[in-house]
Amino acid sequence: MHLTTGTPGQVQLDRLLRIGTRGSELALWQAHHVRDELRRHWGEGLAIELVLISTEGDRILDRPLNQIGGKGLFVNEIEDRLLSGAVDLAVHSMKDLPGHLAPGLAIVCTPPREDPRDALVLGPKLRETLDKDVTLADLPAGSVLGTTSLRRTALARRQNSGLDIRNLRGNVPTRLRKLAAGEYDAILLATAGLVRLGLADEIAARLDPEGFCPAACQGILALECREDDAWVRTIVAPMNDEAAATMAAGERAFLARLDGGCQVPMGCNATLVGEDAVHLRGVVADPAGRPVFSGTREGPRSEAARLGRELAETLLQLGADVVLKAFAHGGAG
């Protein structure tokens, strides 16, 4: 069978596409978005089934993520189903993916990126007393800030050492309910998730990525399938965005060189500059607030992956491995 990314008439459309996804509100939004975009391109006749898969990160909610097993907490079970042939395509938040994929699998499509910045969301008390354009530094001493991210913990402490930072687990609506109930004075979330769920009005501030570096690939979706599945590659190809793919290449190369996942205190953010350049900023920070190691690289977009690796090497030479080793196996916290 000849496959092409051309017109629907040239592609087999009577095969069922089974999309594996987590069951959270945000994961389902992402899976529905991919389904709808694929049908928009190939026609409503494209048969798609969503397969809900529970992951370890979804099931264990009583401990910080870095204490329950390190990399792949939200993807391992989904990748197992891909490899077994139970599903054909997985839709991930790319920031949840470890730097190295399971053998036999590949990221085959990178749709357009949503805003990569972190968002500060205020509880009722602070919302009444602080301006809309508040920063972390403006939060009063002793304010209870909720996050489960070691990276966010580290960077928040650097901007406001008086914060009382406490673990916050659960999906986006659950975290917002805990904030509204007064369990926290403010919380940190990904802007992308709030925007995608229609909750952008909850955002008090989108944090400047220069001083608050986002997680690698935050705001980017990853469409993953079996490496040799040419049909799925063809079906998803129209959704690919070259700009997002370039940013992802640099940020994932940084992540892979540091052997990190989303539970390691590191961030990397790529921005496109001019006609053909990409700028990368990377950070590794101890959750205590120091030490912190940061750097930048800029060069041709076609060399984004090399730039990401070089940036990681620079941070390692500065001493970032001391921080990384403490969290590499999920035991520190």
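This briefing walks you through a sheet, a nonpolar core, one arginine and two cysteines. The structure is a predicted model, so treat each value as computed from that prediction. Two features to look for first are an open sheet of five strands and a largest nonpolar core of 22 residues.

**The open sheet**

- Trace the five strands across the sheet and you will find the order 2-1-3-10-4, with mixed pairing.
- The edges belong to strand 2 (48-52) and strand 4, and each has a single partner strand, so one side of each is left without a neighbour in the sheet.
- From one strand to the next, the twist averages 35°.
- Five bridges join strand 1 (residues 17-21) to strand 2, and the two pair in the parallel sense.
- For a spot to zoom in on, try Gly20, whose bridge partner in strand 2 is Val51.

**The largest nonpolar core**

- Here is a handy background idea: in soluble globular proteins, nonpolar side chains tend to be buried together.
- Among the 22 residues of this core, those touching the most other members are Phe254, Leu258, Met266, Leu280, Val284, Leu315 and Leu324.
- Two or more residues come from each of helix 9 (242-257), strand 11 (266-273), strand 12 (277-285), helix 10 (304-318) and helix 11 (321-327).
- Helix 10 is the top contributor to this core, giving six residues.
- Phe254 makes a good starting point: leaving aside neighbours within four places in sequence, its contacts include Met266, Cys268, Val283, Leu311 and Leu315.

**Arg113 and its surroundings**

- You can find Arg113 in the loop between strand 4 (105-109) and strand 5 (118-122).
- Is Arg113 buried or exposed? With a relative accessibility of 17%, Arg113 counts as buried, because the cut-off for buried is under 20%.
- Its side chain makes a polar contact of 2.9 Å with the side chain of Glu251.
- Not counting residues up to four places away in sequence, Arg113 also touches others, including Cys217, Ile220, Met247 and Asn269.

**Two cysteines without a disulfide**

- A disulfide is a covalent bond between the sulfur atoms of two cysteines.
- How many disulfides does the structure hold? The count is zero.
- Take Cys109 as an example: the nearest cysteine sulfur belongs to Cys225 and is 9.9 Å away, whereas a disulfide needs the two sulfur atoms within 2.5 Å.
- Cys109 is buried, at 1% relative accessible area.
- Cys225 is buried too, with a relative accessible area of 0%.

Methods. Residues numbered from 1 in each chain as written. Predicted model: local features only at pLDDT ≥ 70, side-chain atom pairs only at ≥ 80, totals over all residues. Heavy atoms only, no water. Buried < 20%, exposed > 50% of the residue type's maximum accessible area, 1.4 Å probe, protein only. Helix = DSSP H or I, 4+ residues; strand = E, 2+ residues; numbered from the N terminus. Polar contact = N/O pair within 3.5 Å; in protein donor to acceptor, adjacent residues only side chain to side chain. Contact = heavy atoms within 4.5 Å. Pairing = 2+ DSSP bridges. Axes fitted to C-alpha atoms, helices over the stretch in contact; angles between N-to-C directions. Core = buried A, V, L, I, M, F, W, Y, C linked by side-chain atoms within 4.5 Å.
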